[in-house]
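Please walk me through this structure, from its overall make-up to its pockets and charged pairs. Keep the steps short.

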Amino acid sequence: MAQGAGRTAVQVAAVAALAAAVTVFLAVAAVRHGFFDLRVYYGALTYWARDGGEIYDFLKAGTQYGFTYPPFAALVMLPMAYLPWGAAIVVSVAATVAVSAVVIWWLLDPVARRSGWTRWFALAVALCLAAAYEPMRETVNFGQVNMLLLFLVAVDLLRLLPAGNRWAGVGIGVATAIKLTPGIFVVYLLVTGRWRAAATAIGSAAVATLLAAGLFPDASREFWTEALWNTDRVGELAFVSNQSLRGVVARLDPEHPSTLAWLVLVLVTLAVWGWRCRRAVAVGDEATGLALTGAVMCLVSPVTWVHHLVWLLPGLILLVDNGMAASARGRRRRVLLAAALIGYALLCSRIVWAWEKDFTGVDGFLGSNTYVWISLALLLSLPIRRWATPTGGGGPAGSVGPAGSAVEPGGVAQLAEQDRGAPAVQRHRIGGLLPVR
């Protein structure tokens with residue numbers, strides 16, 4: 001008992017020290033954006049709901065920035081117009097922190113259980129590290145909705161779909177109706193042959209969109225016919241914060257970026273993504289499917305600001321997952337954990353901003369696109385893990401299958417075998433579990 005209490009005291013002290021170190025880091029390194037994007041949402045919604053204006057006519061004073069999301073997003077955010085500004089900030093930050101904790105827990109808890117880590121301690125350390133992660137701190141400082149969308153998608157891919165729940169797809173559909181880019185996950189469902197979930201996602205997005213159109217016909221007409229196509233509202237493509245393939249091409253020739261070169265890169269990237277996602281889903285690795293699709297969304301979207309790169313978080317956590325797996329030994333473990341550490345460190349460093357004013361030359365090309373290279377590396381080399389599925393129904397949450405892996409609700413037990421150079425998985429029957437090849 002005394003030994004356990006002593007261990008807990010050490011862990012509490014370690015978390016407190018880490019939290020203090022992250023606080024100092026944020027005080028020095030974090031850029032204060034004054035909840036800029038939240039101010040745009042708040043101003044547009046107030047102008048629309050309380051001042052009688054059209055939501056897509058609003059521009060933040062002194063800028064070209066206005067409300068760029070579909071009308072359903074405006075419906076979801078509408079209560080914000082009736083809150084004091086301070087309360088809107090509190091709701092935005094609290095919601096981001098809450099959903100971030102849930103998503104990180106879903107991804108990290110199986111690793112903690114399998115590795116014998118104290119679960120609350122693993123989560124506390126992960127949340128401290130997430131606070132230092134540039135895309136996360138930018139999401140909070142801008143007042144963005146990125147983590148809320150990631151949460152909606154994760155509900156489907158990490159909880160409902162593996163459990164065979166008939167509502168799988170609703171989260172993806174709602175996220176797509178709020179912001180169009182999560183629609184890539186509908187394509188993910190189609191590419192991997194989950195027709196029912198894809199139909200549910202499409203139906204959910206359609207119902208949400210039609211609901212908004214019925215309630216706000218003028219706003220819907222303006223968005224789908226005008227605002228959606230007005231690219232001036234989103235910012236300059238060559239700006240260093242645009243860490244997408246489109247940004248890479250634009251920085252090569254800011255005056256005349258090649259649309260053809262961008263489209264070729266997008267098609268090749270999507271082909272690789274589709275192939276890898278099908279392999280992941282074939283062995284039941286839905287979490288890697290989430291990570292790969294998050295990475296490809298960042299790559300192929302015309303505009304991927306740094307704060308959008310919270311979608312790379314699942315990939316970084318899964319690198320740790322793979323590195324800590326029983327099958328990862330010696331050099332392989334070191335490589336995987338080093339990759340996670342380097343990727344995380346670079347994504348905390350603001351390194352791309354060193355080339356904000358001048359991204360010419362070889363160093364400019366390599367440095368200004370650092371986060372794009374990380375997205376590509378995750379897409380190309382994130383290991384696909386082999387899974388074991390029960391022969392007759394889901395196993396209990398937290399039970400242990402082959403290789404010491406945790407069985408999640410819905411009955412999947414991680415073998416943590418890799419898709420590159422891994423030996424064929426031997427067949428075993430342990431506790432009614434049959435690993436697959």
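This is a predicted model. Start with the second largest pocket. Helices α4 (85-115), α5 (119-132), α15 (313-324) and α16 (330-346) each supply at least two residues of its lining. The largest share comes from α5, with 6 residues. In total, 17 residues line the second largest pocket. Nearest its centre lie Leu-108, Ala-126, Leu-129, Ile-317 and Val-320. The volume is about 510 Å³. What classes of residue make up the lining of this pocket? There are 17 nonpolar residues, no polar ones and no charged ones.

Now step back to the whole chain. The protein has 437 residues, and 51% of them count as buried. Its secondary structure comprises 18 helices and 4 strands. Take the contacts between residues at least 6 apart in sequence: 71% of these join residues at least 24 apart. The exposed surface comes to about 19100 Å². Carbon and sulfur atoms supply 67% of that area.

Next, the charged pairs. Side chains of opposite charge can pair when their charged atoms come close. How many salt bridges does the structure hold? There are 8. One of them pairs Asp-109 with Arg-119, with the closest N and O atoms 2.7 Å apart. Asp-109 sits in helix α4 and Arg-119 in helix α5, so this salt bridge ties together parts that are 10 residues apart in sequence. Are the two partners buried or exposed? Asp-109 is buried, at a relative accessible area of 8%. Arg-119 is partly exposed, at 38%. The cut-off for buried is under 20% relative accessible area, so Asp-109 falls below it, while Arg-119 does not. Helices α4 and α5 also appear in the lining of the second largest pocket.

Turn to Arg-385. Its side chain meets that of Asp-285 in a salt bridge, at 2.6 Å from N to O. This pair links distant parts of the chain. Arg-385 is in the loop between α18 (370-381) and β1 (387-390). Asp-285 is in the loop between α13 (259-282) and α14 (286-300). The two residues are 100 apart in sequence. Both Arg-385 and Asp-285 are buried.

Arg-385 also forms a salt bridge with Asp-321. Here the closest N and O atoms are 2.6 Å apart. This pair, too, links distant parts of the chain: Arg-385 is in the loop between α18 and β1, Asp-321 is in helix α15, and 64 residues separate them in sequence. How buried are these partners? Arg-385 has 1% relative accessibility, and Asp-321 has a relative accessible area of 2%. Both values are under 20%, so both residues count as buried. Which residues do the shared partners join? Arg-114, Asp-285, Asp-321 and Arg-385 form one network of salt bridges.

Glu-286 is found in helix α14. Glu-286 counts as buried, at 10% relative accessibility. What does Glu-286 touch, leaving out residues up to four places away in sequence? The contacts are Leu-157, Leu-161, Pro-162, Tyr-188, Arg-194 and Val-281.

Now look for enclosed space. Rolling a probe the size of a water molecule over the atoms shows where empty space is left. The structure holds 1 cavity of 30 Å³ or more. About 30 Å³ of space lies in the largest cavity. Its lining is made of Pro-70, Pro-71, Phe-72, Ala-177, Thr-209, Ala-212, Ala-213, Ser-220 and Trp-224. The elements that give two or more of these residues are α3 (71-77), α10 (195-215) and α11 (217-225). Helix α10 gives the most, with 3 residues. By class, this lining has 7 nonpolar, 2 polar and no charged residues.

End near the start of the chain. Ala-14 lies in helix α1 (residues 2-29). Is Ala-14 buried or partly exposed? At 35% relative accessibility, Ala-14 counts as partly exposed. Ala-124 is 110 residues away along the chain, and the C-alpha atoms of Ala-14 and Ala-124 are separated by 9.9 Å.

Conventions
Residues numbered from 1 in each chain as written. Predicted model: local features only at pLDDT ≥ 70, side-chain atom pairs only at ≥ 80, totals over all residues. Heavy atoms only, no water. 1 Å grid on protein atoms, 1.4 Å probe; cavity = no way out; pocket = protein on both sides within 12 Å on 5 of 7 lines; lining within 4 Å. Points joined across faces, edges and corners; volume = space filled by probe spheres on them. Nonpolar A, V, L, I, M, F, W, Y, C, P; charged D, E, K, R; others polar. Salt bridge = Lys/Arg side-chain N within 4 Å of Asp/Glu carboxyl O. Buried < 20%, exposed > 50% of the residue type's maximum accessible area, 1.4 Å probe, protein only. Contact = heavy atoms within 4.5 Å. Areas by Shrake-Rupley, 256 points an atom, 1.4 Å probe, with all protein chains shown as cover.
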